[in-house]
Amino acid sequence: MRDPLTVPEPPAAPSLREQDAFRGLIIREREPENLEFVFSGLNSAVTPNEQFFVRSHFPVPQIDLASWRLKIEGQLERPLELTYAQLTQMPAKTVAMVMECAGNSRIFLSPKVSGLQWELGAVGNAEWTGVPLAEVLHQAGLKPGAREIVLEGADSGEIKKEPLSPGKITYARSLPLAKALSSDVILAYQMNGERLSLAHGYPVRAVVSGWYGMASVKWLSRILVTERVFRGYFQTADYTFWERRDGLPIQLLPVGELEVKAQIARPALHEVVPASSIYRIHGAAWTGESEVTKVEVSADGGIIWLPAQLLGPPNGYGWRLWEHHWHTPAQPGHCTLMARATDGRGRTQPSERDSHRGTYMISHIQPIEIEVRKVPGRSAESYTI
Ligand SMILES: Nc1nc2c(c(=O)[nH]1)N[C@H]1C(S)=C(S)[C@@H](COP(=O)(O)O)O[C@H]1N2
Ligand SMILES: [Mo]
């Protein structure tokens, strides 16, 4: 028998469990369709398109590519209207980017808050191909008064739950000029090398690196350059958080940059793991306009933290997979696993929830309760995955 303290070589072929991983998506809402990735099935750095979560506020708009135009207007020297062919002929780039919904992990908030009850899977990592927004704005020529860039989708509807919308509205979000001009904000028409699907924003969507998903407007129809701060529904009534100063909530700000976060894929919540074995705890970690520098895990509810290994090279705004080979206890019983990430700006996940974040930006350390069980008649090794 192998010495249980040596770390085994990773298996050459996917383990049985990985092969058996759930391939579908969980329905969080039927209409409009809101679908969640099964995070415990994480087994590749790039999330396959058909497993990528979907977050839509309104029904998917009908778009006819022949008549579709991307209008670029407002504070510009030369307003533009681009056809799909014109846009896709412009110089393009491919960026890896994690897309996390600002409401990801909401189901873990206590007391329960309203909104879609996402678990760990309102997040994915893809390679997006498209034209930098800066390039399009450069062609159109920004006027000196330009202040914000509003991205407008072709989807619309009325929000009938609080906060109510002012009748029928389209999905729109703005970016401050500096962010809009950064080179990794792109108008994407491909996702992981395939044409963008209807659910993910066909024909063209924004991909805003390092920001929560709500900024990456799908089904783009118009880019409006404004002189004033845009105060649309999805950044005043919804997708906001309280800025606090000197202990006081002073203003509601639009949710923007991603918080640093690590999530455990396996073991999954309430998974049973064998006692006295080596178990590969693994997951993914990401952050906003920085990079993940460290992931640590704890198997005792946050007293002792052990280093996890970051896998693969850093990948721009993509997530980093990580793992830790854990020596499971000999004693059966319940165990609380935790992971926490730190980024290049020294930000670390907090252990407590910040109440000023409302129902968004849920990045505090999540305890994962699991059970350690003795399995008679089998060596520890056979459970190593
Ligand atoms: N036009 C439009 N863009 C949108 C949305 C939307 O409802 N309409 N949802 C946003 C939100 S909240 C998220 S998290 C991401 C999700 O992108 P995905 O569905 O491709 O995963 O799209 C964003 N872009
Ligand atoms: Mo979102």
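How many of the 385 residues of this chain count as buried? The answer is 50%, where buried means under 20% relative accessible area, exposed means over 50%, and partly exposed is in between, using a 1.4 Å probe and protein chains only.

Before I go on, some housekeeping. This is a predicted model, where local features need pLDDT of at least 70, side-chain atom pairs count only at pLDDT 80 or more, and totals for chains, interfaces and linings use all residues. Residues are numbered from 1 along each chain as its sequence is written, chains are lettered from A and ligands numbered from 1 in the order in which they are written, and side-chain values use heavy atoms, with hydrogens and water left out.

Okay, the overall picture. We've got five helices and 23 strands in the chain; those are DSSP runs, H or I of at least four residues for helices and E of at least two for strands, numbered from the N terminus. The radius of gyration is 22 Å, close to the 21 Å from the globule rule for 385 residues, so the chain is as compact as a globular protein of that length. That radius is taken over C-alpha atoms, and the rule is 2.2 Å times the number of residues to the power 0.38. If you'd rather think in box dimensions, the C-alpha trace spans about 75 × 50 × 40 Å along its principal axes.

How about contacts, meaning heavy atoms within 4.5 Å? Looking at contacts with a separation of 6 or more, 72% are between residues 24 or more positions apart.

On the outside, the chain exposes about 17,800 Å², and carbon and sulfur atoms supply 53% of that. Those areas come from the Shrake-Rupley method with a 1.4 Å probe, and for residues only the protein chains shown count as cover. As for charge, there are 40 positive and 42 negative, and their mean positions sit 3 Å apart. Lys and Arg count as positive, Asp and Glu as negative, with His and the chain ends not counted; each charge is placed at NZ of Lys, CZ of Arg, CG of Asp or CD of Glu.

For those of you who think about cysteines: how many disulfides does the structure hold? Zero, with a disulfide being a pair of cysteine sulfur atoms within 2.5 Å. C101 is buried at 6% relative accessible area, and C335 is buried too, at 8%.

Now some backbone oddities. Most residues other than glycine have a negative phi, and most peptide bonds are trans. Here, though, the bond from E31 to P32 is cis, with omega near -5 degrees. You'll find P32 in the loop between strand 1 (25-29) and strand 2 (34-37). Another cis bond joins S110 and P111, with omega about 0 degrees, and P111 is in the loop between strand 5 (93-100) and strand 6 (123-132).

Then the positive phi values. D246 isn't a glycine, yet its phi is near 50 degrees. It's in the loop between strand 13 (240-245) and strand 14 (248-254), and it's exposed, at 81% relative accessible area. H270 has a positive phi of about 70 degrees, sits in the loop between strand 15 (261-266) and strand 16 (272-274), and is exposed at 58%.

Back to that strand 5 to strand 6 loop, which also holds L116. L116 is buried, with 13% relative accessible area. Which residue is 87 positions from L116 in sequence but 7.7 Å away, C-alpha to C-alpha? That's E29. Beyond four places in sequence, L116 touches R28, E29, N34, R55 and R106.

So let's follow R28, which belongs to strand 1. R28 is partly exposed at 24% relative accessibility. Leaving out residues up to four places away, its partners are N34, E36, L116, Q117, W118 and E119.

Two more stops. L196 is in the loop between strand 10 (194-195) and strand 11 (205-208). Buried or exposed, this L196? Buried, at a relative accessible area of 1%. Its contacts outside four places in sequence include W128, M191 and Y202. T129 is 67 residues from L196 along the chain, with 9.5 Å between their C-alpha atoms.

Last one: T342, in strand 22 (residues 333-343). T342 counts as buried, at 10% relative accessibility. Outside four places in sequence, its contacts include V260, E291, T293 and R347.

Methods: Contact means heavy atoms within 4.5 Å.
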